[in-house]
Amino acid sequence: MQLALTRPDDWHLHLRDGAALTAVLPWSARQFARAIVMPNLKPPVTTVAMAAEYRARILAALPAGASFAPLMTLYLTDSTSPAEITKAVASGFVKAVKLYPAGATTHSDLGVTRIARVYGVLAEMESQGLPLLAHGEATDPAIDLFDREKAFIDATLVPLIARFPRLRVVMEHITTADAAQFVAASGPNIAATVTAHHLLYNRNALFQGGLRPHWYCLPVLKRERHRQALLAAVASGNPRFFLGTDSAPHATRAKEAACGCAGCFTAHAALELYAEAFEQANALDKLEAFASFNGPDFYGLPRNTGSVILEKTPTPVPDVLPYLPGDSLTPLKAGETLAWKMRS
Ligand code: NCD
Ligand code: ZN
């Protein structure tokens, strides 16, 4: 069996920097024409000037002959100014602003401490049409980890959208039936990205025969009924759900640790993993729009030309991939077999 897709894009990707960037970028450039690049570096990408420099480093790290366009994002902080938003829109290469509630995830310590502190910036984004990408998890340590996405929707997102009804918002990497229903019931300016791992796994994967750090990411995997709701959301063909891998590399050593880092690396086989999930949902006919049309349509960008071909061929995943000197990278499904393979 074969599947031809218009060349897809990844609307949520962590590329890191330096040697890590050089190691992981070819995996994404092989499959995707463009990616929304997350700004959670150390220090975070908080200004248009920093985004321009990061973009240049990404372009310089591309393998010869690769055609891949990084779409940049700004990391929202309590002190981001509305003027920076005007600059971002004028730049042409900054396509969104990322909201990390402070403390929600990897490198989010400089994120927003109270949403009211960024109302001025959000008003400017609303009037300029610049999308807000939300890491949608509440950060109150008293809230159960598995309930934090719903808590964010109720306590932060609903009031936010009421205050800024024309703000374009993408709920990133949704993991719950609550989020899927919220987005489906919202207007045309509210969308969501869905990762392959949240479509393929429920929280049992974290404890399969022992503690499994390579399945640990944030937001954490949820119950099977939530996974089923995500599959139903993407299988519905609703154009406000689109592909965002959240591929988030960490050295094998940093994951297999007493306090392991959050993030699954999936860029080595992103399309193959999505194809497996869509096939499971009997929705392979919806994969192309999810991967290649819905994202650019929401962002107001042209769809790609050209295509990629997926073949149903058992394909082994290596145990580790090269990453940093002295540090390997463990890909999702390491040592297992993929059902699909993208033709190179
Ligand atoms: C991401 C990372 O490592 O940067 N980790 C993750 O578990 N997804 C951060 C994020 O997107 O939350
Ligand atoms: Zn992410």
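**Ligand 1 and the zinc ion in a predicted model**

User: How do you know that Thr 106 makes a polar contact with ligand 1?

Analyst: In this predicted model, a polar side-chain atom of Thr 106 lies 3.3 Å from an oxygen atom of ligand 1, and because a polar contact is a pair of N or O atoms within 3.5 Å, this pair counts as one. Taken alone, ligand 1 exposes 310 Å², of which the protein buries 100%.

User: What makes the pairs of His 14 and Arg 16 with ligand 1 polar contacts?

Analyst: The cut-off is again 3.5 Å, and a polar side-chain atom of His 14 lies 3.0 Å from an oxygen atom of the ligand, while for Arg 16 the value is 2.9 Å, so both pairs count.

User: Why is the arrangement around the zinc ion (ligand 2) called irregular?

Analyst: The four donor atoms subtend angles of 91 to 146°, whereas a tetrahedral site needs all angles between 85 and 135 degrees and a square planar one needs opposite donors over 155 degrees apart, so the arrangement is irregular.

User: What makes His 12, His 14 and Asp 246 donors of the zinc ion (ligand 2)?

Analyst: Their atoms, NE2 of His 12, NE2 of His 14 and OD of Asp 246, lie 2.0 to 2.1 Å from the zinc ion, and because donors are N, O and S atoms within 2.8 Å of this metal, they qualify.

Notes:
Residues numbered from 1 in each chain as written. Chains lettered and ligands numbered in written order. Predicted model: local features only at pLDDT ≥ 70, side-chain atom pairs only at ≥ 80, totals over all residues. Heavy atoms only, no water. Polar contact = N/O pair within 3.5 Å; in protein donor to acceptor, adjacent residues only side chain to side chain. Areas by Shrake-Rupley, 256 points an atom, 1.4 Å probe, with all protein chains shown as cover. Donors = N, O, S within 2.8 Å, 3.2 Å for Na, K, Ca; no water. Tetrahedral: all angles 85-135°; square planar, octahedral: opposite > 155°, others 65-115°.
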